[in-house]
Amino acid sequence: MRDLTQEILELIRRTSSDLPADVEERLRAAIEKEAPGSAARGALETILKNVELSRQNSSPICQDTGTPIFYVRHPEGWSTRKLREQIRAALAEATARSYMRPNAVDAVYDKNSGNNLGGDDFPYIHFEEVEGDELTIELMLKGGGCENVGAQYSLPDNRLGAGRDLEGVRKAVLDAVHKAQGQGCAPGILGVAIGGDRGSGYIKSKEVLFEKLGQRNPDPKLAELEERLTREANQLGIGPMGFGGNTTVIDTKITGLHRLPASYFVTVSYMCWAYRRRKMTVKGEEVLYD
Amino acid sequence: MRSVNIPISDEVIRSLKVGEPVNLNGVMITARDAAHKWMVETFIKKTRPPQGDDLDVYEALKPILNGGVIYHCGPVVSGLATKDYKFVAAGPTTSIREEPYQADVMRHFNAKGVIGKGGMGAKTLKGCQEVPFVYFHAIGGAATYIAQSVEKVLGVYKYEFGVPEAIWVIQVRDFPVVVTMDAHGQSLHEVVEKDSGKVLAELIA
């Protein structure tokens, strides 16, 4: 089996330092929506300068290089044990090269492992066997500031008057955006899972964030709710960094899951503007990056 | 843009108003969750006896913090093996986690500025008026850009907290911030939260 450690290291470098084009475009478009001379506009201008600089220097866009979340889809015959070892080796090397901050802290003994490896679950790696002959590795880096403002609601919610329907979902998500204020590094991107259990809700609300901005859920009801939530979240006026302004959320992505009859969870994963996600594809001898 | 030199006098602090962009110059420290907890438990509430080099570090921090600035930041630092430290990426972390500690720390050390992101709450705002000090907002996520304002890493304390949580002493030049909580009881964060709360109430009515 081929050793992909160097190629994965390159994936990590790109993810940490090179913001995807679809995100950068949205941020650039947002500048024009903020008043000249406003703190909100200044924040977006600084953000874009930083995006260019990080790309030039191969340095982290954000010092919080987050939880590394890997999704590996491999054809039959690959060893997931070896792939795991390669991902971990690449991550430790990326940390030594300052593409990544040492971010794995033992929660019981308060000790930072120093190399981004901690137990079996840091980094988070999801493996899935797929048809065909291409192997893909997707990586998302999700910082702690935005992770901390993620929220899960169990409907009905009396305080919000939110029942067990899409109208209730809408109320819960808007409440989460209001609670987050600027603390998740707005403008943000919302990943929403409806249903599931507490665990699957959070996992799927992050998974949906791998999709391109502007890509709508194929279910027209959910597609409509995605657009409405982005629009209404922006009406809140929280703005970039919570300075007040017109761009609070740049997109919303919703996924519907099955649930138990007794449970109706709405799970919101808030992604900061530093929406770092990249993909590599291994096709025969070739390795392509998005 | 207005430049402010560290250490900062009370007079300058009182002249700063919410919304004002400022460039900071001078020596400051990074301190976040572990450092704030350590300072409060060991030297302010004294619920934990000093251990190891705690007292030496305390004595070293006192003159830096008198009139000084605390930066809520967990940087990416290169040169760890050779101790030839350089800040590679150094944006602000979310400040609200230090809400239980901040005002007490500022009062204890007579510190004049906090830099972070997301703003802080009522206890800190009250402290801003009493001590006095101000809250400077840096742009969250703009880590490479902000690291360029860090001219020099002068030293590090409590390295055992881990690189993000250690207390780094840094010299900065033209460090860009905006005042979002001032010494007159004004908080941009309070205003935005209240206004967006009114809109939320309408949207979910």
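Strand β10 (residues 276-283) of chain A is joined to β11(A) by 4 bridges, and the two run antiparallel. Here strands (E, at least two residues) and helices (H or I, at least four residues) are DSSP runs, numbered from the N terminus, and two strands pair if DSSP finds at least two bridges between them. Please keep in mind that this is a predicted model, where local features need pLDDT of at least 70, side-chain atom pairs count only at pLDDT 80 or more, and totals for chains, interfaces and linings use all residues. Residues are numbered from 1 along each chain as its sequence is written, chains are lettered from A and ligands numbered from 1 in the order in which they are written, and side-chain values use heavy atoms, with hydrogens and water left out.

**The five-stranded sheet of chain A**

- Within the β10-β11 pairing, Val282(A) has Val287(A) of β11(A) as its bridge partner.
- The two strands belong to an open, mixed sheet of 5 strands, ordered β4-β1-β5-β10-β11 in chain A.
- At its edges lie β4 (124-129) and β11 (286-289) of chain A, each pairing on one side only.
- From one strand to the next, the twist averages 15° (axes are lines fitted to C-alpha atoms, for helices over the stretch in contact, and angles run from 0 to 180 degrees between N-to-C directions).
- Helix α1 (residues 5-17) of chain A lies across β1 (67-74), β5 (134-142), β10 and β11 of chain A, at about 155° to β10(A); contact means heavy atoms within 4.5 Å.

**The four-stranded sheet of chain A**

- Another open sheet with mixed pairing has 4 strands, in the order β6-β9-β7-β8 of chain A.
- Its edge strands are β6 and β8 (249-256) of chain A, and each pairs on one side only.
- Neighbouring strands of this sheet are turned by 15° against each other on average, direction ignored.
- β6(A) pairs with strand β9 (residues 265-271) of chain A in the antiparallel sense, over 4 bridges, and Ser154(A) stands opposite Phe265(A) in β9(A).
- Helix α7 (residues 198-207) of chain A lies across β6, β7 (188-194), β8 and β9 of chain A, running at about 35° to β9(A).

**Domains of chain A**

- Chain A is assigned domain 1 (5-15 + 61-143 + 276-289) and domain 2 (145-271), with bounds from an automatic or database domain assignment.
- The contact between them takes 11 residues from domain 1 and 14 residues from domain 2 of chain A.
- Taken over C-alpha atoms, the centres of these two domains are separated by 26 Å.

**Backbone details worth a look**

- Most residues other than glycine have a negative phi, and most peptide bonds are trans.
- Phe122(A) and Pro123(A) are joined by a cis peptide bond with omega of about 0°; Pro123(A) sits in the loop between β3 (111-112) and β4 of chain A.
- The bond from Leu155(A) to Pro156(A) is also cis, with omega near 5°, and Pro156(A) is in the loop between β6 (151-154) and α6 (166-180) of chain A.
- Ser98(A), a residue other than glycine, has a positive phi near 65° and is placed in the loop between α4 (80-96) and β2 (105-106) of chain A.

**Lining of the largest pocket**

- A pocket is an open set of points on a 1 Å grid over the protein atoms alone, where a 1.4 Å probe fits, with protein on both sides within 12 Å along at least five of seven lines; lining residues have an atom within 4 Å of a point.
- α5 (144-148) of chain A and α2 (33-44) of chain B each supply at least two residues of this lining.
- Domain 1 and domain 2 of chain A each contribute at least three residues to the lining.
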